[in-house]
Amino acid sequence: MTERLHNLAGRTVIVGSGLAGLMTALTLAPEPCVILTCAALGAETSSAWAQGGIAASMGADDSAALHLGDTLVAGDGVCDPSVAAGIIADAPAAIAALEQAGVRFDRNAAGELSLGLEAAHSRRRIVHAEGDGSGAAIIAALVRAVKQTPSITVLEGFEARRIMMDGECVAGLLSATANGAAILPTSKLVLATGGIGGLYDATTNPMGNFGQGIALAARAGADLADMEFVQFHPTALDSRRRPLALVSEAVRGEGALLLNERGERFMARIPGAELAPRDVVARAISAEIARGGRVFLDARDALGSRFAARFPVISTLCGEAGINPAKDLIPVRPAVHYHMGGVATDANGRSSVAGLWVAGEAASTGLHGANRLASNSLLEAAVMGMRAARDISTMPGRAAGTLLAEKLPAPADASLVRPIVSRHLGVLRNAGAVEGAIAALLPLAEGDGPAADPAIVALLIAVFASLRTESRGAHARTDFPLKLGDANRRCMRLSQALEIARATPSYALARSA
């Protein structure tokens with residue numbers, strides 16, 4: 001039985017309740033909207049797990065120009081400078097909006113914002129809350145604000161399965177609930193579904209985040225961009241915990257050092273050392289592990305007994321693994337942390353599909369380029385959530401067309417996809433590995449089983465990776481270790497990616513076997 005939620009027809013529907021989704025809803029108010037979330041409001045979101053904070057040029061020695069310069073350097077030639085400049089310029093307004101919504105950022109004795117330093121930033125500009133509990137504090141405040149806003153309807157336990165189309169325009173959303181299928185008629189849909197970390201075994205993201213928004217948009221015919229750029233955070237806590245706990249870059253910003261099992265500070269010879277861009281540090285740590293070594297973060301001299309006060313969340317996570325950061329080395333390894341690629345959008349979050357906006361990690365705006373600068377993710381989520389809402393408010397609603405009941409697709413399961421992606425699309429790639437991924441993923445992506453949606457997202461990453469025959473930012477190929485002379489962004493639709501995948505020699509060989 002498919003339930004049609006006619007009482008909510010015509011409202012903007014927002015899928016996801018992380019920072020981007022919550023800011024979209026709050027900015028739309030008092031215009032009525034609906035937040036759709038699988039879990040409880042604000043739960044199971046990467047935003048809530050963010051430790052560092054929000055990058056914003058708020059210091060007396062800082063400027064938007066300096067912040068932009070750092071962003072473009074980290075993005076390794078693939079940023080959209082105009083989009084990046086605009087988002088960075090909006091940072092102070094985003095901080096103000098968050099404070100107005102109830103977020104209390106850490107301040108010093110003089111009442112000024114307390115600013116942290118993270119890798120590849122030339123100034124202290126990380127605005128944080130509750131030390132290293134920034135994400136949780138921000139989301140908790142926004143959840144309270146949403147619950148106090150009458151114009152926002154929250155539907156928990158709703159899982160978006162398909163975008164329903166009327167010709168080339170969004171017409172509704174097909175979702176799964178505890179009682180079966182539900183259709184929300186809408187001509188304005190916002191995807192704020194987060195990243196793709198759940199496609200990998202080693203990730204700091206919620207394991208259920210496999211790129212749902214990308215799969216939904218791809219099936220609706222949206223343009224995708226820069227899908228090959230998957231950022232591995234260099235320092236996840238190396239333990240049996242899944243997902244892996246994050247040891248924030250801010251720990252290195254406070255002076256902690258990276259050592260191998262021989263006690264060697266192997267980053268000392270690399271420009272930027274411990275505070276080099278994430279892709280550089282991740283590759284260096286991966287190389288140490290690939291030769292059979294181990295890597296540790298040493299905060300004993302830099303922080304010592306102050307560690308627990310400055311980083312209470314990380315201290316607790318280390319304690320769960322039997323580690324005292326004040327006295328012990330912290331074992332670390334790279335893990336998937338952020339996806340620079342996603343649904344291609346303009347500066348207001350509009351996708352190429354009429355009626356579809358995308359905000360946060362599910363989108364590819366051009367801010368991050370080939371390698372996200374630390375703490376620019378929460379900045380983008382807040383700014384783009386606000387921009388999408390303002391853009392939506394200017395758009396007239398369309399009369400709902402006839403929505404025919406569709407069969408509810410099987411619930412997604414990434415377990416078949418995860419080993420393929422983890423093995424073939426990691427920190428270091430080559431043609432054989434990428435083509436092997438395509439050959440293994442294409443049959444799953446073309447099917448209609450539980451692995452189909454995760455396989456579509458993984459296949460897009462693999463196809464984009466096969467076309468980038470260079471090493472740039474977070475995309476490193478051992479068979480093409482150098483950069484090409486010209487950097488470029490790439491956009492394509494799912495239909496184009498499938499054509500390329502079917503023409504891949506490894507897939508043709510597998511079919512004939």
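A cavity is a set of grid points where a 1.4 Å probe fits but cannot get out. By this rule, the predicted model holds three cavities of 30 Å³ or more.

**Cavity and pocket**

The largest cavity has a volume of about 50 Å³. Its lining consists of Val 230, Gln 231, Phe 232, Arg 278, Asp 279, Ala 282, Arg 283, Val 427 and Ala 474. Two elements, β13 and α9, each give two or more residues to this lining. The largest share, four residues, comes from α9.

The second largest pocket has a volume of about 340 Å³. This pocket is lined by 16 residues, and those nearest its centre are Phe 232, Ser 286, Arg 333, Pro 334 and Val 427. Here the elements that give two or more residues are α9 (278-290) and β16. Phe 232 and Val 427 are named in the cavity lining and also among the residues nearest the pocket centre.

The table sets out both linings by residue class.

| Site | Volume | Nonpolar | Polar | Charged |
|---|---|---|---|---|
| Largest cavity | about 50 Å³ | five residues | one residue | three residues |
| Second largest pocket | about 340 Å³ | 11 residues | three residues | two residues |

**Strands β13 and β16**

How many of the eight residues of strand β13 are buried? Eight of the eight residues in β13 (residues 230-237) are buried, so the strand is largely enclosed by the rest of the structure. Buried here means under 20% relative accessible area. Strand β13 pairs with β16 (residues 330-339) in the antiparallel sense, over six bridges. Within this pairing, Phe 232 stands opposite Val 336 of β16. Strands of a sheet pair through backbone hydrogen bonds, either parallel or antiparallel.

**A three-stranded sheet**

Elsewhere in the chain, three strands form an open sheet in the order β4-β6-β5, with antiparallel pairing. The edge strands, β4 (54-55) and β5 (115-116), each pair on one side only. Strand β5 is joined by two bridges to β6 (residues 126-127), and the two run antiparallel. One bridge partnership links Gly 116 with Ile 126 in β6.

**Nonpolar cores and helix α7**

The largest nonpolar core has 67 residues, and Leu 199 and Leu 460 have the most contacts inside it. Helix α15 (residues 452-467) supplies the largest share of this core, 11 residues. Which residues does Leu 460 contact, leaving aside its neighbours within four places in sequence? They are Ile 214, Ala 218, Leu 224, Met 227, Leu 494 and Ala 497. Apart from this core lies another, of 54 residues, including Ile 14, Val 103, Ala 382 and Ile 392.

Two of the contacts of Leu 460, Ile 214 and Ala 218, are buried residues of helix α7. Six of the eight residues of α7 (residues 212-219) are buried, so this helix is largely enclosed by the rest of the structure. Besides Ile 214 and Ala 218, the buried residues of α7 are Gly 213, Ala 215, Leu 216 and Ala 217. Just after α7, Gly 221 takes a positive phi of about 95°.

Definitions and conventions. Residues are numbered from 1 along each chain as its sequence is written. This is a predicted model: local features need pLDDT of at least 70, side-chain atom pairs count only at pLDDT 80 or more; totals for chains, interfaces and linings use all residues. Side-chain values use heavy atoms; hydrogens and water are left out. Two strands pair if DSSP finds at least two bridges between them. Buried means under 20% relative accessible area, exposed over 50%, partly exposed in between (1.4 Å probe, protein chains only). On a 1 Å grid over the protein atoms alone, a cavity is a set of points where a 1.4 Å probe fits but cannot get out, and a pocket is an open set with protein on both sides within 12 Å along at least five of seven lines; lining residues have an atom within 4 Å of a point. Grid points are joined across faces, edges and corners, and a volume is the space filled by probe spheres set on the points. Ala, Val, Leu, Ile, Met, Phe, Trp, Tyr, Cys and Pro count as nonpolar, Asp, Glu, Lys and Arg as charged, and the others, Gly among them, as polar. A nonpolar core is a set of buried Ala, Val, Leu, Ile, Met, Phe, Trp, Tyr and Cys residues joined through side-chain atoms within 4.5 Å. Contact means heavy atoms within 4.5 Å.
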